[in-house]
Amino acid sequence: MPHNCRAWAKYAELEKSVGETERCRAIYELAVSQQALDMPEMIWKGYIDFEIEEGEAENARSLYERLLERTGHVKVWISFAQFEGSEIGRGIAEARSTFKKAYDQLKAEEAKEERVLLLDAWRVFEKAKGDVASVTAVEEKMPRRVKRKRMRMDENGAELGWEEYFDYHFPDDQDAASSNLKLLEMAAKWKKTQVEEDDDSDMDSDDE
């Protein structure tokens, strides 16, 4: 049973159905502490939903944070942000902050498809609870989808032929690239200036 999430969930639901809230919580806590679970996402979702139904916002928030320490899956981030934007959460500002934190982490991990999923959910959220400006701010982050080609390889490294795939170009990635290029140009210009100053200094020494 330790790895069987359905069994844990049924046991917890049984305790909940007879009003044993603390026993239900203890069962969920014991379940998520198991080293191996066959469907961990199911038991974590059940535990979080239980705390939300009980009106225990801080407990639910703590569970989201604990889960994100184990997995940075985009669906967990989206659910967490939506929770903060609900009646039991801390509000729209906190939901936006959570979406932004998730976006920055996924960007750092270069998880492009996950960033698209997050932005889609963020845009839906803003359309429901934000205004024109907030919707536009999210839409400005949306990427362009570009068709590319790459060589397919087998497990031994032999070429199997070209295949087409879609890549995503995010506006803020391009801004970062432009900024890095500008820094490199400035560094090169500074280095050139230093070399010219050193040459001038050498010439002055020769004149003396």
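Visitor: What makes the lining of the largest pocket mixed in class, with nonpolar, polar and charged residues?

Guide: In this predicted model, the lining has seven nonpolar, three polar and five charged residues. Trp, Leu and Val count as nonpolar, while Glu and Lys count as charged. Trp44, Leu67 and Val76 therefore fall in the nonpolar class, and Glu41 and Lys45 in the charged class. These five lie nearest the pocket's centre, out of 15 lining residues.

Visitor: Which elements give two or more residues to that lining?

Guide: They are helix H3 (40-53), helix H4 (57-70) and helix H5 (74-84). H3 has the largest share, seven residues. The space in the pocket comes to about 370 Å³.

Visitor: Happy to move on to the core! Why is Ile43 said to touch Tyr28?

Guide: Contact means heavy atoms within 4.5 Å, and Ile43 meets that cut-off with Tyr28, so the two touch. Ile43 also touches Cys5, Trp8, Ala9, Ala31, Val32 and Leu37, leaving out residues up to four places away in sequence. Both Ile43 and Tyr28 are among the residues with the most contacts inside the largest nonpolar core, which has 44 residues. H5 gives the most to this core, seven residues.

Visitor: How do you know that S1 and S2 pair?

Guide: Pairing needs at least two bridges, and ten join strand S1 (residues 144-153) to strand S2 (residues 159-169), so they pair. The two strands run antiparallel, and Arg144 stands opposite His169 in S2.

Visitor: What do S1 and S2 form, and how many residues are between them?

Guide: They form a hairpin with five residues between them. In the turn, Gly157 has a positive phi of about 90°.

Conventions:
Residues numbered from 1 in each chain as written. Predicted model: local features only at pLDDT ≥ 70, side-chain atom pairs only at ≥ 80, totals over all residues. Heavy atoms only, no water. 1 Å grid on protein atoms, 1.4 Å probe; cavity = no way out; pocket = protein on both sides within 12 Å on 5 of 7 lines; lining within 4 Å. Points joined across faces, edges and corners; volume = space filled by probe spheres on them. Helix = DSSP H or I, 4+ residues; strand = E, 2+ residues; numbered from the N terminus. Core = buried A, V, L, I, M, F, W, Y, C linked by side-chain atoms within 4.5 Å. Buried < 20%, exposed > 50% of the residue type's maximum accessible area, 1.4 Å probe, protein only.
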